[in-house]
Amino acid sequence: MVTILALASVILLGIVPQQSEAIVIYTGWERHALVGSDIRLSCSFFSWRWTSDDVTFSWSYRADGARDSIYVFHYTGGAPYVANKGPFRDRLEFVGNPGRRDGSILLKNLDYGDNGTFTCDAKNPPDIVGHASSVRLLVFEKVPIQAGVITGAIIGAVLGLLVLVVVIYYLMRFLVARRVFNLSVSKHGKKGKGKEGSQQRQVPVLSIGDPSKLKTAASEKKKQESRKDKK
């Protein structure tokens with residue numbers, strides 16, 4: 001009886017469909033490109049399930065100023081399908097890898113009229129619940145400098161200025177300390193020289209008289225002695 005109940009529960013569990021879970025889809029936020037160039041629009045997804053053989057990708061496009069979107073690409077059953085109508089029928093190529101959850105497409109020979117919003121949707125059965133993700137395409141004659149680049153340049157300049165100020169500060173401190181050290185050494189040197197001079201002045205010096213005066217004194221002494229002898 002227990003064996004029968006166990007088999008019945010297994011059969012019932014096998015019949016009940018698996019519960020679907022949420023799928024998260026990722027695209028870029030905004031892409032810039034030049035007129036006449038090609039651009040890759042990436043699309044990937046996260047799912048708790050293994051990548052299914054029935055995975056699908058769909059891309060739609062809404063031009064700037066338009067109200068409705070049109071489908072431009074669909075991947076299903078292991079094969080890509082490009083819409084045979086619309087502005088990208090001859091300029092769209094599938095460059096993704098569904099086995100790696102990559103549904104990227106390549107747009108070729110861009111023009112100003114391609115400006116708009118591209119939306120990617122993906123399904124990985126049984127995970128089919130999720131929100132599509134969109135990326136905005138802007139085509140320019142010259143790609144403008146993005147705000148992030150300007151912000152990064154400003155932050156870099158400020159940091160460079162701060163580093164320069166710190167370097168100047170420590171350099172000034174070093175020069176001041178060196179100046180004080182040199183003054184201290186020079187003062188001690190002058191004191192030592194003064195002591196040596198005073199010691200030299202205290203040493204008695206034997207004075208030697210003028211040789212002419214000595215000769216005169218000697219001659220006068222001889223004269224006096226000769227006078228005494230005569231007397």
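How many bridges join E5 to E6? Five bridges join these two strands, which run antiparallel.

## Basis of the model

This is a predicted model, in which local features need pLDDT of at least 70 and side-chain atom pairs count only at pLDDT 80 or more, while totals for chains, interfaces and linings use all residues. Residues are numbered from 1 along each chain as its sequence is written, and side-chain values use heavy atoms, leaving out hydrogens and water.

## The open sheet

Six strands (DSSP runs of at least two residues, numbered from the N terminus) form an open sheet in the order E2-E11-E10-E5-E6-E7, with mixed pairing; two strands pair if DSSP finds at least two bridges between them. Strand E2 (30-34) and strand E7 (79-82) each have a single partner strand, so one side of each edge strand lacks a neighbour in the sheet.

Within the E5 and E6 pair, Phe 57 has Tyr 75 in E6 as its bridge partner.

## Core and aromatic rings

The largest nonpolar core (buried Ala, Val, Leu, Ile, Met, Phe, Trp, Tyr and Cys residues joined through side-chain atoms within 4.5 Å, buried being under 20% relative accessible area with a 1.4 Å probe, protein chains only) has 26 residues, and Phe 57, Trp 59, Phe 73 and Phe 118 are among those that touch the most other members. Strands that give two or more residues to this core include E5 (56-63), E6 (70-76), E10 (116-123) and E11 (133-140).

Phe 57 and Phe 73 also belong to a cluster with Phe 45, Tyr 75 and Phe 94, linked by ring pairs, where rings of Phe, Tyr and Trp (its six-membered ring) pair if their centres lie within 6.5 Å.

Technical notes. Buried < 20%, exposed > 50% of the residue type's maximum accessible area, 1.4 Å probe, protein only. Helix = DSSP H or I, 4+ residues; strand = E, 2+ residues; numbered from the N terminus. Phe/Tyr/Trp six-rings, centres within 6.5 Å; stacked < 30°, edge-to-face > 60°.
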